[in-house]
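Student: Could you take me on a close look at one part of this protein, and then show me how the surrounding parts fit in? I work at the bench, so plain descriptions with residue names would suit me well.

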Amino acid sequence: MSKKLAKKFFNNQTTPAESQAVLEWFETSEGKQFLEERIEADRELMERKDLGSSIPWMGSERLYTSIQEEIKKKGKRHSLSSADWLGYAVKAAAAVLVILTAALFTVTHETNTAEQVTEREPVLYQTEEEQHREITLSDGSVIRLNNNSEVIISEDFFKETREVILEGEAYFEVAHNPEKPFIIHAGNSSVEVLGTSFNVKSVSGQENVQVAVVEGKVSFSALEVGNPERSSVILTKGQFGYLDVNENSIAVDEMAIDNYLAWKSGRFIFEELTMDQVCTQLNRIYNTECSFRDSDIRSMELTSNFSNESLEKTLEVISMTLEIGYELRGEEIDWTI
């Protein structure tokens, strides 16, 4: 059996038959070695996230046995593509959390299940390159993770507030609960809501945090250490907030916020936006910088609707639509006539 299939197994992308084949392979010496290496790598990750101390540890043999037992309990209903508890079992490297995660959260892909909450522990979900993941929390809130992102569900999620930590990008649909605010900690910021739909982006190494509100309203605050007078704004439907971490300032605009959800919708839509405005969005979405060799380019208006595939594809479409040229050098885009 190829290790590629085993990797699909941990990404919850295998059929029941493929899952059984992987489990049988785990009983071989090669499979056990692969599992041990995978667990060790994820345990190191958990320790870097300061979660290791709260999670019991066991080796691959006991983890495999516990996985098998849990699958037998679920009987014919089991499909690893329909539950994230197994993926987290490997992330946490503790078989007890196989049951714990299933109890804490309902993660839906192909089937819908409901589990009763029995414990409170932090839970980590991750995505890799070209992978999206949808997580449904027990309160009914839904988190859609973009690729190369991760979210940690706080151990205090069921207390006074519902708190999560985000690195990367995610779309949130928060179930309304005025008694328990939903708080996202992202980079040097926090986003607090009662119930709404919005997108948050906070990429490691980029000195900004971005919030786009689709429905409802959110409180978006900068969290500069040692500064009691933190920046804070209320964002409502159709508004976009951009936090410059270095300046500790938040800019708000309302132009074409759907483009900040292009990773989810798969399309860019520009309607009579000037190239100056277009470049502002490109800079935020792709972490680029635009320059104009001719100042007339700034005022050119772009109207276009196309699929979101890559920065290069986006630049090609803009170039052909407006009949202008460009040069891409690293993260710099130089527009020319």
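Tutor: Happy to. Let's begin at Glu272: setting aside its neighbours within four places in sequence, Glu272 is in contact with Gln277, Glu301, Leu302 and Thr303. Please keep in mind that this is a predicted model.

Glu272 belongs to strand 15, which covers residues 267-274. Glu272 and Leu302 are 30 residues apart along the chain, yet their C-alpha atoms are separated by 5.2 Å. The backbone at Glu272 is worth a look too, with a positive phi of about 55° although this residue is not a glycine. Is Glu272 buried or exposed? With a relative accessible area of 59%, against a cut-off of over 50%, Glu272 counts as exposed.

Strand 15 also takes us to helix 9. Strand 15 is among the elements that cover the buried residues of helix 9, and the others include helix 8 (275-286), strand 17 (301-307), strand 18 (325-329) and strand 19 (332-336). Which residues of helix 9 are buried? They are Leu311, Thr314, Leu315, Val317, Ile318, Ser319 and Leu322. Helix 9 itself runs over residues 311-322, and its 12 residues should span 16 Å at 1.5 Å a residue. The C-alpha atoms at its ends are 17 Å apart, so the model agrees with that expectation. Just after helix 9 comes Glu323, and there phi is positive again, near 55°.

For one more residue with a positive phi, move to Glu130. Its phi is about 60°, and Glu130 is not a glycine either. Glu130 sits in the loop between strand 2 (123-126) and strand 3. Its relative accessible area is 73%, so Glu130 is exposed.

From that loop we can step straight into strand 3. Strand 3 (residues 133-137) and strand 4 (residues 142-145) run antiparallel and are joined by four bridges. One of the residues to find here is Glu134, whose bridge partner in strand 4 is Arg144. The two strands form a hairpin with four residues between them, and Gly140 in the turn has a positive phi of about 100°. Strand 4 also pairs with strand 6, again in the antiparallel sense and over four bridges. Arg144 takes part on this side as well, with Tyr171 as its bridge partner in strand 6.

Strand 6 now leads us into the interior. In the largest nonpolar core, which has 32 residues, Phe172 and Phe198 touch the most other members. Strand 6 (residues 162-173) gives the most to this core, namely four residues. What surrounds Phe198 beyond its neighbours within four places in sequence? Its contacts are Ala170, Tyr171, Phe172, Val174, Ile184, Val191, Val193, Val211, Ala212, Val213, Val214 and Val218. Another core of 26 residues lies apart from that one, and its members include Phe270, Leu273, Cys279 and Phe292.

Phe270 appears once more among the aromatic residues, where Phe268, Phe270, Tyr286 and Phe306 form one cluster. The protein has eight aromatic pairs in its count. For Phe172 and Phe182, the ring centres are 6.1 Å apart and the planes meet at 65°, so this pair is edge-to-face. Phe172 in strand 6 and Phe182 in strand 7 (residues 182-186) are 10 residues apart, and the pair links distant parts of the chain. Both rings belong to buried residues: Phe172 has a relative accessible area of 1%, and Phe182 has 0%. Phe240 and Tyr260, in contrast, form a stacked pair, with 3.8 Å from centre to centre and 10° between the planes. Phe240 lies in strand 13 (residues 240-244), while Tyr260 lies in the loop between strand 14 (249-253) and helix 7 (262-265), so the pair ties together parts that are 20 residues apart in sequence. Phe240 is buried at a relative accessible area of 1%, and Tyr260 is buried at 5%.

Finally, here is the whole protein around these places. It has nine helices and 19 strands, and 49% of its 337 residues count as buried. Among contacts with a separation of 6 or more, 50% are between residues 24 or more positions apart. The protein exposes about 16200 Å², with carbon and sulfur atoms supplying 44% of that area.

Conventions: Residues numbered from 1 in each chain as written. Predicted model: local features only at pLDDT ≥ 70, side-chain atom pairs only at ≥ 80, totals over all residues. Heavy atoms only, no water. Core = buried A, V, L, I, M, F, W, Y, C linked by side-chain atoms within 4.5 Å. Buried < 20%, exposed > 50% of the residue type's maximum accessible area, 1.4 Å probe, protein only. Contact = heavy atoms within 4.5 Å. Pairing = 2+ DSSP bridges. Expected span 1.5 Å × (residues − 1). Areas by Shrake-Rupley, 256 points an atom, 1.4 Å probe, with all protein chains shown as cover. Phe/Tyr/Trp six-rings, centres within 6.5 Å; stacked < 30°, edge-to-face > 60°.
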